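Got the viewer open? Let's take a walk through this one, selecting as we go.

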Amino acid sequence: MKTINVQDAIGTVLCHDITRIVPGDNKGPAFRRGHVVCKDDIPTLLDIGKEHLYVFDPEDGYVHEDDAALRIAKAAAGPGIELSLPTEGKINLTAAYDGLIDIDTDTLFKLNSVKDVIFGTIHSNQLVKKGRGLAGTRVIPLVVPEEIVAEAEQVLRANSPLIQVRPLKTCKVGVITTGSEVFNGRIKDKFGPVVNKKFEGYGSTILGQTFVSDQQEMTVQAIHDFIKQGADFIVLTGGMSVDPDDQTPSSIRAAGAEVITYGAPTFPGAMFMLAKIGDIPVVGLPGCVMYYKASIFDLIIPRILAGKEVSRDDIVALGHGGYCEGCKECRYPVCGFGK
């Protein structure tokens, strides 16, 4: 910061608002803090009585807040992110298309640990629509030393991207409904329509639905049949509890699947199974998916469709936020469930 002759101030940044008083008319800012002085401003400044200005000079190694925010936002943004113009030093990041928001929270912590840099986001791993606001960034002072912006950019380059929107891939889904009561026609299946609607809402198609009894051999055969038909996602409903008659988990194993997890620290959704046969996800869905607007299905299936590898650690991490409060009026996803 320094005092400078007004004629020499072109290109410098004002440190404070400059007030213009018109007696009997008004009093207000003629120039706002952060304004970059240009040649046309000089007569107005002299008319106000400002022969000297208190300014920051970018040539002294400082970066204006607008430029700093823009550089940080550009370094942070991955695919599917659009940037706003700077407003009062802040850049907003929005979704360029529908998909799953994916935020590297470790890098976010490192970035916010850089002096005078702030970057705030919505929660990661949720579905977002085109145009939704996802994050904002700025620096605290009006101007910051170049080395601070460079440090922030280095953090982001080392772990790129910080924030992105992953589009959901379209899958051909095979649905297998287990249970002798449904297979024998004693009760009507209500699970299949729920699963179909959810997947179709994600842009996927249902290859077919097969009904099987509780016999393991039938379930294994149904899984292999869907693989032969070209299914790239297989869902099994029913029979996911630990009762002796519930054979779905053992059938998934017997089909040759690699089980990533059986059980999730979420309510609803505790008896969830996630497995893979080659590159094909195979999931066992507990009955709660039928009845709840939000369950383990809504937390994990979009991640898989977005191409993210879901590990057992990812499932374990759902314990913090994995308890649905059962609100009288469900507001999901505008709530803490799964976040």
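**Stop one: a sheet**

Start by selecting β10 and β12 (residues 133-139): the two run antiparallel and are joined by five bridges. Keep in mind that you're looking at a predicted model. Now pick V117 and look across to β12, where V139 stands opposite.

Next, bring in the rest of the sheet. Which strands form it, and in what order? Four of them, reading β7-β8-β12-β10, with antiparallel pairing in an open sheet. Colour β7 (81-83) and β10 (117-121) to mark the edges, since each of these strands pairs on one side only. Step back to see how neighbouring strands here are turned: on average by 20 degrees against each other, direction ignored.

**Stop two: the largest nonpolar core**

Select F199, F233, F272, L285, I300 and I301. These have the most contacts inside the largest nonpolar core, a group of 30 residues. To see where the core is built from, show β15 (172-178), α6 (191-201), β17 (233-237), β20 (280-285), α9 (288-291) and α10 (296-305), the elements that each give two or more residues to this core. Which element gives the largest share? That's α10, with seven residues.

Now zoom in on I301. Leaving aside residues up to four places away in sequence, what does I301 touch? Show F199, Y202, F233 and V283 as sticks and you have the set.

**Stop three: another core**

Finish with A76, L93, L108 and L156. They are among the 27 residues of a second core, separate from the one you just left. As background, nonpolar side chains tend to be buried together in soluble globular proteins.

Technical notes
Residues are numbered from 1 along each chain as its sequence is written. This is a predicted model: local features need pLDDT of at least 70, side-chain atom pairs count only at pLDDT 80 or more; totals for chains, interfaces and linings use all residues. Side-chain values use heavy atoms; hydrogens and water are left out. Two strands pair if DSSP finds at least two bridges between them. Helices (H or I, at least four residues) and strands (E, at least two) are DSSP runs, numbered from the N terminus. Axes are lines fitted to C-alpha atoms, for helices over the stretch in contact, and angles run from 0 to 180 degrees between N-to-C directions. A nonpolar core is a set of buried Ala, Val, Leu, Ile, Met, Phe, Trp, Tyr and Cys residues joined through side-chain atoms within 4.5 Å. Buried means under 20% relative accessible area, exposed over 50%, partly exposed in between (1.4 Å probe, protein chains only). Contact means heavy atoms within 4.5 Å.
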